[in-house]
Amino acid sequence: MIGAGLSGICTAYFLAQAGCQVTLIEQHGNVAEQASLGNSGLIAAAGQMPSAAPGLRKKILSSLFNADSPILLSPTLSPALWGWLRKWVAQSQLERYRLNKTRMTQAALYGQQLLLQLQQQHMIDYQASAGVVQVFRHEAQLAAAAKLRAVLVDLNIAHSLLDAKQLRQLEPNLNPATALAGGWHFPQDGAGNCLFFIKQMKAIVQAMGVQSQFMQTVTALQSGEQGAVLTIDGAPHAFDAVVVAAGAGSNKLLKPLGIRIPTAIANSYAAVATIKNPEFAPRGAVLDADYKTAIVRLDERIRITGILDLQPGRRARAMHPQAMKTLLKIADDWYPDAANYNQASFWSGNVVMLPDGPPLIGATAAPNIFVHIDGSSDGWAASVGAAAALADLIGGRQPEIDVSGLQLTRYH
């Protein structure tokens with residue numbers, strides 16, 4: 001198993017549970033030190049939406065001229081990235097959106113069930129909270145969202161479309177001075193501390209016999225009928241099979257094998273602020289539809305995540321001043337008196353993006369090489385469900401969910 005983020009640690013767990021001997025290889029010093037560290041915390045089957053949604057083309061164009069846009073772009077992007085953006089926009093057509101949302105939802109619903117089982121079986125505490133609301137600042141956004149309601153109905157997802165008054169009754173601490181047209185309420189969704197979960201899962205898988213090798217860099221990957229060989233810090237190591245769950249580093253390992261996955265590498269950002277006035281803090285998780293940003297309360301802190309930075313040359317952990325400013329603006333828009341935003345801490349890191357959104361799991365064209373790539377940083381339930389399904393595929397068992405739309409064949 002290459003990668004000890006959310007995808008890697010969960011896949012390792014389900015493989016070990018099935019009786020496999022698993023070795024977890026991670027280039028950093030601990031679990032979840034890259035993309036998983038910046039996860040929004042949403043445990044959302046209903047509220048998690050594909051990033052390629054209707055209206056994406058307009059949002060991309062406006063990002064070139066709007067300083068506080070949730071997407072940071074530059075006209076000087078490479079031809080390869082402009083090509084990926086065309087694939088991304090193509091997925092925002094309504095029928096493609098409907099299909100992608102269906103695939104994400106089934107994986108996330110399965111993941112929610114598994115999280116509850118894991119929580120009960122292993123006594124895991126990940127600061128879970130119940131309920132998610134998605135807020136719309138403008139009537140036009142609310143009207144556009146209403147047109148997508150058929151998708152939620154078809155998927156039998158519990159939801160309510162609320163006007164501004166009803167929404168403020170449900171989430172009374174929303175700032176009355178900020179424009180609010182209405183929103184969605186998803187009562188069966190929630191949020192939790194993804195990092196806490198992963199660290200507890202690390203102890204669990206180690207107790208199950210999973211071998212962990214940290215500060216180990218895989219530089220090459222070879223495959224054959226008899227197994228796979230990893231070059232780790234210059235030395236070859238043989239395994240029966242390998243799962244590549246290296247996030248933004250996955251394509252670098254897979255390309256030499258002729259495996260091409262349509263990914264883009266973006267920077268994502270998060271801000272964490274300590275709550276100073278609990279009576280003014282959010283009761284549940286809040287999604288700002290205008291900025292595609294999540295505000296999640298985690299115990300005594302508020303976490304604000306979002307902003308996709310697709311500008312070339314941006315290094316992971318190099319904070320973009322405008323991204324930091326925008327995150328704090330959104331928090332201040334909705335909960336101005338809740339936290340010490342001027343003392344917030346910030347995170348920045350590379351995340352991998354798939355043009356459609358659902359997790360990517362399964363076999364590749366190379367024998368004994370499998371992948372698990374979570375192409376969305378908006379939530380983490382779908383990744384848990386995908387990990388269990390992948391373990392079933394590797395073990396020759398029928399997964400509990402339909403995985404036909406989660407595999408590489410969807411791009412061919």
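These are my notebook entries on a few helices, strands and aromatic rings in a predicted model.

**Entry 1: helix H1**

I began with helix H1, residues 6-17. I checked its length against the expected rise. At 1.5 Å a residue, its 12 residues should span 16 Å, and the end C-alpha atoms are 17 Å apart, which agrees.

Next I asked how many residues of H1 are buried. The count is 11 of the 12, so the helix is largely enclosed by the rest of the structure. I listed the buried residues: Leu-6, Ser-7, Gly-8, Ile-9, Cys-10, Thr-11, Ala-12, Tyr-13, Phe-14, Leu-15 and Ala-16.

What do these buried residues pack against? I found three helices and three strands in the list: helix H4 (94-122), helix H8 (194-207) and helix H11 (381-394), with strand E1 (23-26), strand E11 (242-244) and strand E18 (369-373). I then looked just past the helix. Gly-19 follows H1, and its phi is positive, near 100 degrees.

**Entry 2: aromatic pairs**

I searched the whole structure for aromatic pairs and got 6. One of them is formed by Tyr-13 and Phe-14. Their ring centres are 5.1 Å apart and the planes meet at 85 degrees, an edge-to-face pair. Tyr-13 and Phe-14 are both buried.

I then took the pair of Tyr-126 and Phe-197. Their centres lie 5.8 Å apart with the planes at 90 degrees; angles over 60 count as edge-to-face, so this pair is edge-to-face. The pair links distant parts of the chain, 71 residues apart. Tyr-126 sits in the loop between H4 and strand E4 (129-136), while Phe-197 belongs to helix H8.

Are these two residues buried or exposed? Tyr-126 has a relative accessible area of 4% and is buried. Phe-197 has 0% and is buried. I also noted that Tyr-126 and Phe-197 form one aromatic cluster with Trp-380.

**Entry 3: strand E18 and its sheet**

E18 appeared among the packing partners of H1, so I turned to it next. 5 of its 5 residues are buried, so this strand is largely enclosed by the rest of the structure. Both faces are covered. Ile-369, Val-371 and Ile-373 lie on one side, with Phe-370 and His-372 on the other.

In what order do the strands of this sheet run? The order is E11-E18-E17, in an open sheet of 3 strands with mixed pairing. E11 and E17 are the edge strands, each pairing on one side only. The twist averages 20 degrees from one strand to the next.

I went through the pairings one by one. E11 and E18 pair in the parallel sense over 3 bridges. Val-242 stands opposite Ile-369, and Val-244 stands opposite Val-371. On the other side, strand E17 (residues 360-363) pairs with E18 in the antiparallel sense over 4 bridges. There, Leu-360 has Ile-373 as its bridge partner.

E17 and E18 form a hairpin with 5 residues between them. I checked phi in the turn: Asn-368 has a positive value of about 70 degrees.

Which helix packs on this sheet? H11 does, touching E11, E17 and E18. The direction of H11 makes about 170 degrees with that of E18.

**Entry 4: the sheet E8-E9-E10**

I looked up another open sheet of 3 strands. Its order is E8-E9-E10, with antiparallel pairing. Strand E8 (218-224) and strand E10 (235-239) are at the edges, each pairing on one side only. Neighbouring strands are turned by 20 degrees against each other on average, direction ignored.

How many bridges join strand E9 (residues 227-232) to E10? I found 5, and the two strands run antiparallel. Ile-232 stands opposite Ala-235 in E10.

**Entry 5: Asn-251**

Last, I picked a polar side chain. Asn-251 lies in helix H9, residues 250-254. Its relative accessibility is 12%; the cut-off for buried is under 20%, so Asn-251 counts as buried.

What does Asn-251 touch, leaving out residues up to four places away in sequence? Its contacts are Ile-259, Ile-261 and Thr-263. I then checked polar atoms. A polar atom of the Asn-251 side chain lies 3.0 Å from the backbone oxygen of Ile-261. The Asn-251 side chain also makes a polar contact with the side chain of Thr-263, at 2.6 Å.

Key
Residues are numbered from 1 along each chain as its sequence is written. This is a predicted model: local features need pLDDT of at least 70, side-chain atom pairs count only at pLDDT 80 or more; totals for chains, interfaces and linings use all residues. Side-chain values use heavy atoms; hydrogens and water are left out. Buried means under 20% relative accessible area, exposed over 50%, partly exposed in between (1.4 Å probe, protein chains only). A polar contact is a pair of N or O atoms within 3.5 Å; within protein, one must be able to donate a hydrogen and the other to accept it, and residues adjacent in sequence count only if both atoms are side-chain atoms. Contact means heavy atoms within 4.5 Å. Two strands pair if DSSP finds at least two bridges between them. Axes are lines fitted to C-alpha atoms, for helices over the stretch in contact, and angles run from 0 to 180 degrees between N-to-C directions. The expected span of a helix is 1.5 Å times one less than its number of residues. Rings of Phe, Tyr and Trp (its six-membered ring) pair if their centres lie within 6.5 Å; planes under 30 degrees apart count as stacked, over 60 as edge-to-face and the rest as tilted.
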